[in-house]
Amino acid sequence: MPQKPKHPAWARRPRSSAAAQVMSLFKASSSLVAMLDPEQLLATLVSRVVEALPAVQGGTLWIYDLRSGRLRASATGGLPLDGAARRVLLASSLRSGEGLVGQSFQRGEPQIVETRLGYRDAVGPLPPTSAAIIQQISAQLPRRLVCACVPLRVGTEIIGVLELFTLGDPANRPIEISDLPVLQTFANLAASAIKNAQLYDEAQRSERRLKAFDAVVTAISTAADLTDLVRSILDVVLGLVPGATGALLLLDPAHDRLDLGAQQGLTRACANALHGVPVTESPCEEVVRFGQPMLRSLLEERGEGAFLAEDLAGCAYFPLLAGGTVAGVLALYGDANLPARADREMLLPICNQVGFAVANVRLYADSTSERRKLNTVVTSIAEGVVLCDGRGRLTLANEAALALLRLDSLPFEQRLAEMPDFYRMRDLDGQRLTLDQLPFARALVGEIFQGYRLILSGSSGDETVMSFSGAPARADDGTIEGAVVVFRDVTASQKLERAKDEFLAVAAHELRSPLAAVRNYADLLLRREQQRSQADSRDVRGLTILTQQVSHMLRMVDNLLDVSRIDAGQLDLQIQPVNLVALATQVIDQQRLAAGMRDLLLESAGDELIVHCDSLRIHQVMTNLIGNAIKYSPDAGRVTVRLRVAASDERRGFGDYLMGDDAMPSGGAPAAVVAVTDEGNGISLEQQVKLFQRFYRVRSHRAEGLGLGLYLSRQFMQMHRGTIWVESVEGAGSTFSFALPMTTGMA
Ligand code: ADP
């Protein structure tokens, strides 16, 4: 800074009384302290000093802006500047230490300089950017001037600098060093007034924000639907930005389009310009894409012509953010000052709040409509549908369920343990159900089941047979959070089935004796005919067919009788040591006739594989499996019967193919496995699951049968604590295997 004489010649002039100066400054400062509007305070401060001190003709107030770290020219008065120069001055800023103002700020001390070379000379060297501005201002101020800078101090904090001028040749006297203590005291009072006003203003703003929040929250919580919500929110927001009109645009992510949710104060043309606009063509595309607000002048080329035509000049677009997702845009329109006036700090959090509210309302609407659809489906189902939560408590039941259970309403708080008694549930043998046999309990442990029949007794003692299907309801991570059970009344069909079983049992019983007699005589006649020296080949053929057909009928009748014996619990096993190799050889020999051209092979590591079992029933199982392999494979195919002992660690392996829920051969003993492999067409996975059901037959198979062979084989296996399963690939043959627990190893 150039050294200047501190006491210019024209400074030695008659002085006004120091006491009078202090008094008028004191008056000025007390009127400032009463001012609460910071804008007004800054605007009047300089003129008050000019009024109070004859030595001061003008000045500029520089306020330190914490965010930018610069001193900003916030108000100016008394300086002979034209409009352009004043605007330049008010748009300028200085760093701490720059120029006389910056030095006073940096040092926290008043500075005074007198010059005859103009303002530029008084402020000293400046960076080129500021220098150009000072040059422009300097040109309009007199060359002779005194410039005094006084820091605005509040406690230890300096909030700005008051820059005062004596311009030209003063009539009285210029500002002098001796004035500085008084000016400093005034500046301190003014600083407190500014700080107060700023704090008051901040408090006012906070209060306004809080109120705005409150109003938005109220609007959100009281809105009946999305339309109502956006309308009342827009109302609140527009109340916060005076002079603004605007709209709430809702993003339709499915069509990447902005729809007009609500508008206020817009002409029809403007509202139309905002209606269903693809995001790519919207003036606020960036706001949707980047989630950042955009405040700017309106632009014809951004499709804002309709607004410009209404004499609007500025706009502010704020994203309605729900977390990281944009749910819509708040669009505000107003004069050229609107972008500066729109309070970002207040509007951004409000828009976030609104974004969440919009997203919530949409989610709620989606889930309500899903629920409505689900309800319609559930209520229109003729079967009873009941849902329970993870602890087995009922959460939903349809009308059909109530009607089937003959209830007016469902006992929602009912626990699983109370169900067997409440519904008087029993199994088909009339046994009371244990907890884990309840349909809900089975589904809650992850079981999926169908056709689970139980008896329910009504209060009048009438019994209903219900068929239950159930499955667990799983959360996204797979944990079971409830179960659904569907049931229907099958009493009538159960009665019919029972009648059919009884009829079949009686019919089979009545048919068996005459059929057995026919078979024995046919056998006898065939043998006699074969022994004759001149046997008639046509008779032999006829008698062979007769014997085979009658044997086949007899087997079917026997199967029917076995089924009814099993149902009646009258089928007992005659357990004895049996050599499976010998038994298999015997069955194969008996089947050779039926096998025709097919190769029947037996593979076994030895001649003996002893198992404790009922030889008649195991014979029946083998006959059935080998008979099926012959029946369901091509004429020249090969049927292989393999016998082996399964090592204990292999047992899991064949357990994987288990059909149904058969137990594995029990105990630690190894199992004897008999596998029958054919080269037939194979069986689809869907059919494999059903093969072992009673009376199940694959429709496409034309061979005769009742669909009882595999069912009985499985029953016999269960009675032996063994298991039976199938492995088959469509088009590549099948292997039916059974495993029996072994008491003696392969000899
Ligand atoms: P049936 O043979 O008397 O119909 P089963 O219970 O023995 O009754 O068999 C049930 C069904 O399983 C048969 O109808 C047939 O469709 C199918 N099936 C059984 N064994 C085989 C096999 N080896 N290859 C193809 N399908 C088979």
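Let's start with helix H4, residues 99–107: seven of its nine residues are buried, so this helix is largely enclosed by the rest of the structure. The buried residues are Gly99, Leu100, Val101, Gly102, Gln103, Ser104 and Phe105. Just after H4 comes Gly108, which has a positive phi near 75°. Please keep in mind throughout that this is a predicted model.

**The chain as a whole**

Stepping back, the protein chain carries 23 helices and 25 strands. Of its 747 residues, 46% are buried. Its C-alpha trace extends about 170 × 60 × 50 Å along the principal axes. The radius of gyration is 51 Å, whereas a compact globule of 747 residues would have a value near 27 Å. If we look at contacts with a separation of 6 or more, 62% of them join residues 24 or more positions apart.

The chain is divided into five parts: domain 1 (9–201), domain 2 (223–366), domain 3 (381–489), domain 4 (495–568) and domain 5 (576–741). Between the C-alpha centres of domain 2 and domain 5 there is a distance of 74 Å.

**A helix pair: H8 and H13**

How do helix H8 (residues 226–240) and helix H13 (residues 344–380) pack? Their axes are 11 Å apart and make an angle of about 175°. Angles over 145 degrees count as roughly antiparallel, and H8 and H13 are therefore roughly antiparallel to each other.

From the H8 side, the contact is made by Leu226, Leu229, Ile233, Val237 and Leu240. They meet Met346, Leu347, Ile350, Val354, Ala357, Val358, Val361 and Arg362 in H13. Sorted by character, the residues of this contact comprise twelve nonpolar, no polar and one charged.

**Four residues to visit**

Here are four individual residues with their places and accessibility.

| Residue | Place | Relative accessible area |
|---|---|---|
| Leu496 | helix H17 (residues 491–531) | 61%, exposed |
| Ser467 | strand E17 (residues 463–474) | 5%, buried |
| Asp256 | loop between strand E7 (245–252) and strand E8 (257–264) | 30%, partly exposed |
| Arg406 | loop between helix H14 (399–404) and helix H15 (419–422) | 53%, exposed |

Which residues does Ser467 contact, leaving aside its neighbours within four places in sequence? They are Gly451, Tyr452, Arg453, Val486, Phe487, Arg488 and Val490. This serine belongs to strand E17. With a relative accessible area of 5%, Ser467 falls under the 20% cut-off, so it counts as buried.

Leu496 gives us another view. This leucine sits in helix H17, and its relative accessible area of 61% is over the 50% cut-off, so it counts as exposed. Along the chain, Leu496 and Gln718 are 222 residues apart, and their C-alpha atoms are separated by 27 Å.

The two loop residues in the table are worth a look for their backbone angles. Asp256 is not a glycine, yet its phi is positive, at about 50°. You will find Asp256 in the loop between strand E7 and strand E8, where it is partly exposed. Arg406, also a residue other than glycine, has a positive phi near 50°. Its loop runs between helix H14 and helix H15, and Arg406 is exposed, with a relative accessible area of 53%.

Methods: Residues numbered from 1 in each chain as written. Predicted model: local features only at pLDDT ≥ 70, side-chain atom pairs only at ≥ 80, totals over all residues. Heavy atoms only, no water. Axes fitted to C-alpha atoms, helices over the stretch in contact; angles between N-to-C directions. Helix = DSSP H or I, 4+ residues; strand = E, 2+ residues; numbered from the N terminus. Parallel < 35°, antiparallel > 145°, perpendicular 65-115°, else oblique. Contact = heavy atoms within 4.5 Å. Nonpolar A, V, L, I, M, F, W, Y, C, P; charged D, E, K, R; others polar. Domains from an automatic or database assignment. Rg over C-alpha atoms; globule rule 2.2 N^0.38 Å. Buried < 20%, exposed > 50% of the residue type's maximum accessible area, 1.4 Å probe, protein only.
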